[in-house]
Amino acid sequence: MEVVVPILTPFNPDGTINREALKTHATNLLEKGIDLIFLNGTTGLGPALSKEEKKETLRTLSDVADRVIFQVGELNLNNVLELVKFSSDYGVRAIASYSPYYFPRLPEKWLIKYFQTIASHSSHPVYLYNYPLATGYDISAELLSKFGLELAGVKDTNQDLAHSMKFKTTFPKMKVYNGSDTLAFYSLLSLDGTVASMSNCLPTVFVEMKRAISQGDVKKALVHQRLITSIVELARKYGQLGALYVLTEMTQGYSVGRPRPPIFPLEEGEERELKKEVENFIKGLGVKA
Ligand SMILES: O=C(O)C(=O)C[C@@H](O)[C@H](O)COP(=O)(O)O
């Protein structure tokens, strides 16, 4: 039962990656009990990071590489394979990739070929990052099974938990995580864990929820899930990926800068409003972030 943080990428005002802040943030999250770091994911603005920036984030976290799942997805497979090769110098837990996206009506066999190519070049276990809402393609358990492609793991970002469970029943050895914050409780209960964006700013809430589940205290665990869901709904009002930078600074006590456009930072008034609303929630429920 693991809590995996799709770690946000701190940026300097000039839009370069703030490596110091990334290191501080990763160290803090691991110290607070987060199990693994999913690097260059959606929350990490992975699709908006260049190949060289993806390498930079792994170099920055090289001393905790064994706790890192390194996301390598790009729309240029040559870049992906360069990142796969680059990762072989680091003892990462696994590499991962989302599917090709944007281009409509890609034949199933091209989608599978993308992952087969990655798997044939990787010295590390390969995880699928399946996010149909974001990519336009559902790389389902059925599709992998149809082409006989068995990967080491999957992060399935899906509101349909049964869809994630299907990976587990089809490939019993596969590590299966669900990537939706609002299903974190159920993912911890029924899968190998959760990959939750909000664990950037609420690490202790997730760690306490996991502890409550392992102690059989469902009621307490659900209090934590309700807080997470409330904060997600709040963050979405302002733009979740931008709001997360404000929430992380607010709850963790250090700056992670602001996101890089086209993920725009919140305006000053929005930041004030968001902080006020969140304070009420966290105070009201009496849990630590
Ligand atoms: O940021 C990542 O790489 C994640 O796994 C989480 C990501 O899939 C995303 O936050 C999921 O959000 P929704 O369920 O779409 O609200």
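How far is an oxygen atom of the ligand from a polar backbone atom of T42? It's 2.9 Å, as the close-ups below set out. This is a predicted model, where local features need pLDDT of at least 70, side-chain atom pairs count only at pLDDT 80 or more, and totals for chains, interfaces and linings use all residues. Residues are numbered from 1 along each chain as its sequence is written, and side-chain values use heavy atoms, with hydrogens and water left out.

**View 1. Polar contacts of the ligand (N or O atom pairs within 3.5 Å).** Besides T42, there's T43: an N or O atom in its side chain is 2.5 Å from a ligand oxygen. The side chain of T157 has an N or O atom 2.8 Å from an oxygen of the ligand. Taken alone, the ligand has 410 Å² of accessible area (Shrake-Rupley method, 1.4 Å probe), and the protein covers 92% of that.

**View 2. The shell around the ligand.** There are 14 residues around the ligand, counted when a heavy atom lies within 4 Å. T43, Y131, K155, T157 and R236 come nearest.

**View 3. T43 and V195 together.** An unreviewed UniProt entry lists T43 and V195 under "binding site"; such annotations may be inferred rather than shown by experiment. They span 153 residues in sequence, yet their C-alpha atoms are no more than 10.5 Å apart, so they gather at one spot.

**View 4. Where T43 sits in the chain.** Look for T43 in the loop between strand 2 (36-39) and helix 2 (51-60). Those elements are DSSP runs numbered from the N terminus (helices H or I, at least four residues; strands E, at least two).

Terms used
A polar contact is a pair of N or O atoms within 3.5 Å; within protein, one must be able to donate a hydrogen and the other to accept it, and residues adjacent in sequence count only if both atoms are side-chain atoms.
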